[in-house]
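Open the model in your viewer and keep the sequence panel beside it. We will go from stop to stop, with something to select at each one.

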Amino acid sequence: MSTTYRLGVLEGDGIGPEIVPSAVEIATTAGQAAGVAVDWITLPLGAGAIDSHGTPVPDETRAALAELDGWFLGPHDSVSYPEPHRSALNPSGTLRKHFRLFANIRPAKSFPGARAVCENADLVIVRENTEGFYADRNTFAGTGEFMPTPDTAIAMGIITREATERVARVAFDLARSRRKKLTIVHKANVLKLTTGLFRTVCQEVAAEYPDVTVDDFHIDAMTVHLVRRAQDFDVIVTENMMGDILSDLAGEISGSLGTAPSINASADRAMAQASHGSAPDIAGRDIANPVAMILSGAMLFEWLAARHEDPALARTARIVEAGVAAAIAAGTSTRDLGGSATTTGFTAAVVEAIKAGA
Ligand code: ATP
Ligand code: MG
């Protein structure tokens, strides 16, 4: 008898209540085809939770998530929240911080039909998610930014050996399972101490992975290489802010915002989250592209497959990916990809493709 996995569902704001149920339906269908049973546990988070619980991140949601090793997270539009919630860290940042999801793993693979700038990119950015120059995520600095006078603002960046080592290992393990190439991105000629330490520690970890070829670039040079020859890169590891910027660039080069998946992971938990935001401009119209959320779900199943050593979970991920590819190849896509399908129409096409054995 196979295990029943328990996964959280946090629909989020804007287009979240459209794309998250789509991803859940497709994962359920693929799970049935692969022999994986999932109990989905819907939990309040975001704007809806402000109405029902008086806070965007209810304690009961955190407590329930602590019992799970994975969940699907919709996007959040925290700038639309009433104060004090607007100024607080947004719900996804709060969960990243609370569960110390230190690695943001974001693939950029050219998507058929997505009118990509680079037609044959297949790379993954592993972004350190807890340190660097992003104040709200700094482990030690608290606020990270301050103003000693009304006319001077100072930001602190933090890099530690511990956080760099753990994210480097995630990146090297990933490279080992792929084309065995890893690129370290930093700015060690200017931010010598912080990003210099990041580079040094990554290079030290490299000694444990003699089968992986390693190179490194400054972030500015890296943007040029990515635009010119994205297809040459396999796994890229970098600190928080550089990873944020670089992954948007890589996502756009390889496809569109609506197709770019990601997960945020620690050693024992992972959160599937589309790379895009809540798209309030198109919310509630059944036109959002659910592909990024669907493929984020597939990444979560892939991650769970390694954790639980259950090949049926990896099969589920493959079936989801094949279903999406088959639906698009058959000419069904949403407006952002040049098609005319609705969110629900596209979802139905993927479900059909999976049932037909895509
Ligand atoms: P955030 O700060 O939450 O990341 P953002 O300013 O980056 O938000 P998004 O919400 O990602 O913005 O939206 C950017 C643009 O891309 C919008 O025009 C939006 O409609 C479009 N967009 C984002 N996601 C999708 C999607 N899944 N399908 C179709 N269009 C999308
Ligand atoms: Mg954004």
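## A tour in selections

Begin by selecting T160, which is partly exposed because 17 other C-beta atoms lie within 10 Å. Before going further, please note that this is a predicted model. T160 sits in the loop between β7 (152-155) and α5 (161-176). Now add S262 to the selection: 102 residues separate T160 and S262 along the chain, and their C-alpha atoms are 24 Å apart.

**The strands at the start of the chain**

Next, select strand β1 (residues 4-10) together with strand β2 (residues 37-42). The two pair in the parallel sense, over 6 bridges. To see one position in this pairing, show R6, which stands opposite D39 in β2. Now add helix α1 (residues 16-34) to the view: β1, α1 and β2 make up a right-handed β-α-β unit.

β1 has another partner to visit, so to speak: select strand β3 (residues 70-73), which runs parallel to β1 and is joined to it by 3 bridges. Here the residue to show is V9, with F72 in β3 opposite.

Follow the chain on from β3 and select E83 and P84. The peptide bond joining E83 and P84 is cis, with omega about 5 degrees. P84 belongs to the loop between β3 and α4 (91-98).

**An exposed strand residue**

Jump to strand β6 (residues 145-149) and pick out M147, which lies in it. Is M147 buried or exposed? M147 is exposed, because it has 9 other C-beta atoms within 10 Å, and the cut-off for exposed is 12 or fewer. Setting aside neighbours within four places in sequence, M147 is in contact with T152 and A153.

**Into the core**

Which residues have the most contacts inside the largest nonpolar core? Select V126 and V237: these are the two, in a core of 95 residues. Helix α9 (residues 291-308) gives the most to this core, with 11 residues. Stay with V237 and show what surrounds it. Not counting residues up to four places away in sequence, V237 touches V126, V167, A168, A171, L182, I184 and C202.

**Around the ligand**

Now select ligand 1 and show the 14 residues that surround it. The closest are G258, H276, G277, A279 and N289. If you colour this shell by residue type, you will find 7 nonpolar, 5 polar and 2 charged residues.

Keep A279 selected, since there is a backbone feature to look at. A279 has phi near 45 degrees, a positive value in a residue other than glycine. This residue lies in the loop between β12 (270-273) and α9. A279 is buried, because 23 other C-beta atoms lie within 10 Å, and the cut-off for buried is 20 or more.

**Last selection**

For the final stop, select D286, which is found in the loop between β12 and α9. D286 also has a positive phi, of about 60 degrees, although it is not a glycine. How many C-beta neighbours does D286 have inside 10 Å? There are 15, so D286 counts as partly exposed.

Notes. Residues numbered from 1 in each chain as written. Chains lettered and ligands numbered in written order. Predicted model: local features only at pLDDT ≥ 70, side-chain atom pairs only at ≥ 80, totals over all residues. Helix = DSSP H or I, 4+ residues; strand = E, 2+ residues; numbered from the N terminus. Contact = placed C-beta atoms within 7 Å. Near = placed C-beta within 6 Å. Nonpolar A, V, L, I, M, F, W, Y, C, P; charged D, E, K, R; others polar. Core = buried A, V, L, I, M, F, W, Y, C linked by C-beta atoms within 7 Å. Pairing = 2+ DSSP bridges. Right-handed = clockwise from strand over helix to strand, strands pointing away.
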